[in-house]
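Colleague: I'm new to reading protein models, and I'd like some help. Could we go through one together, feature by feature?

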Amino acid sequence: MLFVSIPVADLERSKEFFAKLGFGFNPSFTDETAACMLVGEQASVMLVSHQKFTELSKLPMADPATHTLALYCFSVSSRGEVDAVAEAALAAGGVEADPLEDHGFMCSRSFFDLDGHGWQVMWIDPAAAQKGPEEFATSTRDAGLT
């Protein structure tokens, strides 16, 4: 299992933001200082209050508005869902970081959340994910699909 903790200024506001993007939360690991946001079968993002984050971290907390320490990427099941999630993020107060990037076998859009953390929502063709982009491109070209 993977748990990534990120600091948020207002935990309730962040939970509302991510709920609008379709994320759920594990109540067993959620309290007034942190919320366990489910991003996959074995992966969660812990939205953690600034106070709690400083207790957990041995180093000073960086300001995501001025420093990037990580970029968070999650996949969705279709091209259309990339746009739907990105549009939901913008409607909920997020800021677009990058417009649609379309590579044929995969596409993505990026946004900053309410705290300035960078997120990318992406879709990849299941065949390309299984074969790898080069082999997928070769097999579709050989089959006359491109």
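Colleague: Let's start with P99. Which strand does P99 lie in?

Modeller: P99 lies in strand β6, which covers residues 95-102. Keep in mind as we go that this is a predicted model.

Colleague: What does P99 touch, once residues up to four places away in sequence are not counted?

Modeller: On that count, P99 touches S108 and R109. You can also set sequence against space: P99 and D83 are 16 residues apart in sequence, and their C-alpha atoms are 9.7 Å apart.

Colleague: Now for the whole chain. How many helices and strands are there?

Modeller: The chain has five helices and eight strands. Going along the sequence, they come in the order β-α-β-β-β-α-β-α-β-β-β-α-α. Contacts add another view: of those between residues at least 6 apart in sequence, 47% join residues at least 24 apart.

Colleague: And how do I read burial? Is S44 buried or exposed?

Modeller: A residue counts as buried when its relative accessible area is under 20%. S44 has a value of 6%, so S44 is buried. This serine lies in strand β4, and beyond four places in sequence it touches L2, F3, V4, C36, M37, L38 and V39. For the chain of 146 residues, the buried share is 34%.

Colleague: Which residues have the most contacts inside the largest nonpolar core?

Modeller: The general idea is that nonpolar side chains tend to be buried together in soluble globular proteins. Here, the largest nonpolar core has 24 residues, and F18, L21, L47 and W119 have the most contacts inside it. At least two residues of this core come from each of β1, α1, β3, β4, β5, α3, β7 and β8. Helix α3 gives the most, with four residues. There is also a second, separate core of five residues, including C36, M46, V48 and F53.

Colleague: W119 caught my eye. What is W119 in contact with, leaving aside neighbours within four places in sequence?

Modeller: The list is I6, F18, M37, V45, Y72, F74, R109, S110, F111 and D113. One of these, Y72, brings us to aromatic rings.

Colleague: Then how many aromatic pairs does the structure hold?

Modeller: The structure holds eight aromatic pairs. In one of them, Y72 and W119 are tilted, with 5.0 Å from centre to centre and 40° between the planes. Y72 belongs to strand β5 and W119 to strand β8, so this pair ties together parts that are 47 residues apart in sequence. Both residues of the pair, Y72 and W119, are buried.

Colleague: Which residues form the aromatic cluster?

Modeller: F17, F18, F23, Y72, F74, F111 and W119 form one cluster.

Colleague: Last topic: pockets. What is the volume of the largest pocket, and which residues lie nearest its centre?

Modeller: To read a pocket, look at its volume and then at its lining. The largest pocket has a volume of about 260 Å³. Its lining has 20 residues, with P7, L69, A70, Y72 and H117 nearest the centre. So Y72, which pairs with W119, turns up here too.

Colleague: What kinds of residue make up that lining, and which strand supplies the largest share?

Modeller: The lining divides into twelve nonpolar residues, seven polar and one charged. Strand β1, residues 2-8, supplies the largest share, three residues.

Notes: Residues numbered from 1 in each chain as written. Predicted model: local features only at pLDDT ≥ 70, side-chain atom pairs only at ≥ 80, totals over all residues. Heavy atoms only, no water. 1 Å grid on protein atoms, 1.4 Å probe; cavity = no way out; pocket = protein on both sides within 12 Å on 5 of 7 lines; lining within 4 Å. Points joined across faces, edges and corners; volume = space filled by probe spheres on them. Nonpolar A, V, L, I, M, F, W, Y, C, P; charged D, E, K, R; others polar. Phe/Tyr/Trp six-rings, centres within 6.5 Å; stacked < 30°, edge-to-face > 60°. Buried < 20%, exposed > 50% of the residue type's maximum accessible area, 1.4 Å probe, protein only. Core = buried A, V, L, I, M, F, W, Y, C linked by side-chain atoms within 4.5 Å. Contact = heavy atoms within 4.5 Å.
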